[in-house]
Amino acid sequence: MLELQGIGKSFPGVRALHDISVTFQQGEVHALLGENGAGKSTLIKIISGFYQPDHGTVHLDGLPLNLRNFTDGLKHGIAVVNQEIQIVPDVSVAENIMLERLDHYRTPLGLRWKALNQDAARLMALVGLELKPEDRAGGLSAAQKQLTQIAKALAVNAKVLLLDEPTSSITLHEAEKLFTIVRGLRDQGVTVIFVSHKIEEIFALCDKVTVIRDGLMIGTVETKNIKTNDLVAMMIGREYAVKQLGTLAIGEETVLEVNNAYSAGKIHDANFHLKQGEILGFYGLVGAGRTQLARILIGEDPAGTADITIRGKKVKIRSVAEAVYQHRLAYITENRKEEGLILDFSVGTNMAVTIWERFRHSVLRVIDDKRIRQINLKSVEEMSIKTPSLEQLVKNLSGGNQQKVSIAKWLNADCDILIIDEPTVGVDVGAKAQIHDLIWKLASEQGKSIILISSDMPELITLARRILVFRDQRIVGEITGLNEGELSQTEISRQIGQYLA
Ligand SMILES: Nc1ncnc2c1ncn2[C@@H]1O[C@H](COP(=O)(O)OP(=O)(O)OP(=O)(O)O)[C@@H](O)[C@H]1O
Ligand SMILES: [Mg+2]
């Protein structure tokens, strides 16, 4: 049993946790729920020894725990999958998984590679990671990195397993595997603490849920005794209603046409078009080729080829800069932490990098700082980015708020064709609705043409007016009739399921 008493933690200018007291029983899966910036990751980091609390105590099986660091935590049987993906890129997948256990494989003659790779392969199979243990970790997709982290936590025989948004980059299909493993561990008496913004997951997996809001403890309830709406209300402190979006006025003009997109092993023979003002969904399991196709379009895949026509003109796109500045085509990456943000720079700087050129005086070449500041403040407000100021460093924001900064940055870029890859991964339900609203307005009010890559089926059904289904690096189906409201949600899900079967 793990007991927290009166835990508090502050950072310069931010009180992350006030006074958290909660008990996690042995053999239970216990969710932590709260909005972006509520303090969940901070709490996870205190339990695992990354941070020390300013006040309060932690007891494990009745004994006080005073962890000095995370290795200390591991020694006490506390394993963690952090929200930030922590992978050593230059070594193999197997070494990443066994990083904390390398001593176990060390002999005077060097590492027992065969045993290490075999043990790693077993864990990889368990989590559904279809790679070779020897593969270099740096080349993995976000989902594969996440599965690697999960396998790494499982490599330690933990008493307490902390999972901070373990499913943010993987699809339901892969998450199911994780849930089966977690249930097995629970039945063996492991305490599992699970952070997720996906409410369905919390209901499917967790016995109890503790809600925190602005660093304060709101309460603990059993999932079988509460309904989704009440849980969300507990979390955001008010009633929550889902907004219905209407019909899009899609233009006649084809703004983007892509034929014969190809990149060996990544995407094959993809053909599609996008109309002005349309929201086109790309659905598929992780690795189905959606992001790969986007990368060809923005000139990020040197081996990829495609016949691309933008507003009737054949174009060759060789770099992201060409895509953005010459063709007004932007790709908002799913891999925001690694590609989308400069973590050591401020919120304001990160949001402005795409607009500097626009607000540079044509003769004097000075940047209109005041105007940029206004735009940034508006973005912070519109997207409810939780930050003490524009000067805060991005690395100090909570995960969900970092996502919002990255999206704000690209929306500021003022491109007409936007490819938005998994926009709401890691954001809380309230913010998710706001981002949906924003994307909808971009199309409906500003006439932008949008490709929405999402593994979140409800999200696609809400926003997309046509859906292309990807499987095994190919486009295998198209679902139309969404804008006319002809298909029910069940019917859409059924059709998608058929294409994927
Ligand atoms: N190292 C740090 N320096 C300054 N502030 C920090 C630091 N780490 C976290 N914070 C702040 O503490 C608060 C709680 O952050 P935390 O990461 O715990 O939130 P969270 O509940 O995990 O949110 P999310 O759902 O977005 O991941 C936020 O306001 C965040 O900006
Ligand atoms: Mg977090």
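Colleague: Happy to look at this one with you! Among contacts in the protein chain between residues at least 6 apart in sequence, what share join residues at least 24 apart?
Modeller: Glad to help, and do keep in mind that this is a predicted model. A contact here means C-beta atoms within 7 Å. Taking the contacts between residues at least 6 apart in sequence, the share that join residues at least 24 apart is 68%.

Colleague: Thanks! What radius of gyration does the protein chain have, set against a compact globule?
Modeller: The C-alpha atoms fill a box of roughly 70 × 50 × 50 Å along the principal axes. For 501 residues, a compact globule would have a radius of gyration near 23 Å, and the chain agrees with that, at 23 Å.

Colleague: Now the domains. Which helix gives the most to the side of domain 2 that touches domain 3?
Modeller: Domain 2 covers 245-328 + 415-501, and domain 3 covers 343-413. Their C-alpha centres lie 25 Å apart, and the contact takes eleven residues from domain 2 and nine residues from domain 3. On the domain 2 side, the top contribution is four residues, and they come from helix 15 (residues 429-444).

Colleague: And between which domains does ligand 1 lie?
Modeller: Of the 20 residues around ligand 1, those that come nearest are Phe 11, Asn 36, Ser 41, Ser 398 and Gly 400. Strand 2 (14-24), helix 1 (40-48) and helix 14 (399-412) each give two or more residues to the shell. Because two domains both give residues to that shell, ligand 1 lies between them: domain 1 (2-236) and domain 3 (343-413).

Colleague: How many polar residues does the shell around ligand 1 have?
Modeller: Sorting the shell by class gives five nonpolar and three charged residues. The polar residues in the shell around ligand 1 number twelve.

Colleague: Let's turn to strand 9 (residues 160-164). Is it largely enclosed by the rest of the structure or largely exposed?
Modeller: Val 160, Leu 162 and Asp 164 point one way from strand 9, Leu 161 and Leu 163 point the other way, and all are buried. With five of the five residues buried, strand 9 is therefore largely enclosed by the rest of the structure.

Colleague: Lovely. One more: in strand 10, which residue is the bridge partner of Leu 161?
Modeller: Strand 9 has parallel pairings to strand 6 (residues 78-81), through four bridges, and to strand 10 (residues 191-195), through five bridges. In the pairing with strand 6, Val 81 has Leu 163 as its bridge partner. In strand 10, the bridge partner of Leu 161 is Val 192.

Conventions:
Residues numbered from 1 in each chain as written. Chains lettered and ligands numbered in written order. Predicted model: local features only at pLDDT ≥ 70, side-chain atom pairs only at ≥ 80, totals over all residues. Domains from an automatic or database assignment. Contact = placed C-beta atoms within 7 Å. Rg over C-alpha atoms; globule rule 2.2 N^0.38 Å. Near = placed C-beta within 6 Å. Nonpolar A, V, L, I, M, F, W, Y, C, P; charged D, E, K, R; others polar. Buried ≥ 20, exposed ≤ 12 C-beta atoms within 10 Å, placed from the backbone. Pairing = 2+ DSSP bridges.
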